[in-house]
Amino acid sequence: TGMHSWDFLLRIYAFVLLISPLGSHYSLDRWIFPKLVPSFSYPKMVSHHGLVLIKLQLLLMYWQTVWLKLPDQYWRNGELISYYMMSMYSRFPSISFAHRPIFSNLTTYGSLILEFTLPILLWSTRWRRLGIVLGVGFHLSIMASSHIVFFSCTTIIMYIAFLKQRDLDQGRIWLRNARKRP
């Protein structure tokens, strides 16, 4: 069987989880049900080296991707998305994409710019939320337009590492308010 990029990402996650503090600090159930999950056996302060490694992995993944795409002539001349949307990987393959050079140029160069700037946005405290929204939206659009679903799912998971406690608290408040609305 062939290896795909999401296979490698899952191996990296497994390694990070192997060397990270496990338990209630890295689990969704603690965030969703904080009163039901006992945390008495875990110290208040937990090392965040696992989260830092995941953040670094995301940065390296995006910048390595840009570095590997730049020598390719189809990325450089803006035609790649047209070819991709006509390929077997596209969810809606159509020859009509060959007749849309502006669409191809905007999406090809736009994805390169986004992949280069996402790590900068995510590591900046001021622009982190915008980076999360753009990155998750980028991978959701990849999922919607292609058959590359597992890669986007495994990449979106890495964005959780960039969330701060106040982001989680605001998310919990938003969910609580959303449940109260009729």
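This is a short tour of a predicted model, with a suggestion at each stop for what to select.

**Stop 1: the whole chain**

Start with everything shown as a cartoon. You'll see 9 helices and 0 strands. Walk along from the N terminus and the elements read α-α-α-α-α-α-α-α-α. Of the 182 residues, 30% count as buried.

Now think about which parts of the chain touch. Take the contacts with a separation of 6 or more: 64% of them come from residues 24 or more positions apart.

Switch on the surface next. About 12,300 Å² of the chain is exposed, and carbon and sulfur atoms supply 70% of that area.

**Stop 2: a nonpolar patch**

Keep the surface on and select F15, L18, I19, V52, L53, L56 and W123. Together these residues make a nonpolar surface patch of about 640 Å². Which elements give two or more residues to the patch? Colour α1 (5–19) and α3 (49–69) to see them.

Now pick out V52 alone, which sits in helix α3. Is V52 buried or exposed, or somewhere in between? Its relative accessibility is 37%, so V52 counts as partly exposed; the partly exposed range runs between the 20% and 50% cut-offs.

**Stop 3: the second largest pocket**

Hide the patch selection and go to K69, E115, I142, I148 and F151. Of the 36 residues that line the second largest pocket, these lie nearest its centre. The space in this pocket comes to about 1,200 Å³.

Several helices take part here. Those giving two or more residues to the lining are α1, α3, α5 (80–85), α6 (101–123), α7 (128–145) and α8 (149–158). Which of the elements gives the most to the lining? That would be α3, with 8 residues. You've met α3 already, as one of the elements that give two or more residues to the nonpolar patch.

**Stop 4: R128**

For the last stop, select R128, found in helix α7, and show its side chain. Why does R128 count as buried? Because its relative accessibility is 3%, and anything under 20% falls in the buried class.

To see what surrounds R128, add L121, L122, F162, K164, R166 and D167 to your selection. R128 touches each of these, leaving aside residues up to four places away in sequence.

To finish, put two of your selections side by side: V52 in α3 is partly exposed at 37%, whereas R128 in α7 is buried at 3%.

Technical notes. Residues are numbered from 1 along each chain as its sequence is written. This is a predicted model: local features need pLDDT of at least 70, side-chain atom pairs count only at pLDDT 80 or more; totals for chains, interfaces and linings use all residues. Side-chain values use heavy atoms; hydrogens and water are left out. Helices (H or I, at least four residues) and strands (E, at least two) are DSSP runs, numbered from the N terminus. Buried means under 20% relative accessible area, exposed over 50%, partly exposed in between (1.4 Å probe, protein chains only). Contact means heavy atoms within 4.5 Å. Accessible areas come from the Shrake-Rupley method with a 1.4 Å probe; for residues, only the protein chains shown count as cover. Patches are made of residues with over 30% relative accessible area and no salt bridge: like charges are joined within 9 Å, nonpolar side chains (Val, Leu, Ile, Met, Phe, Trp, Tyr) within 5 Å. A salt bridge is a side-chain nitrogen of Lys or Arg within 4 Å of a carboxyl oxygen of Asp or Glu. On a 1 Å grid over the protein atoms alone, a cavity is a set of points where a 1.4 Å probe fits but cannot get out, and a pocket is an open set with protein on both sides within 12 Å along at least five of seven lines; lining residues have an atom within 4 Å of a point. Grid points are joined across faces, edges and corners, and a volume is the space filled by probe spheres set on the points.
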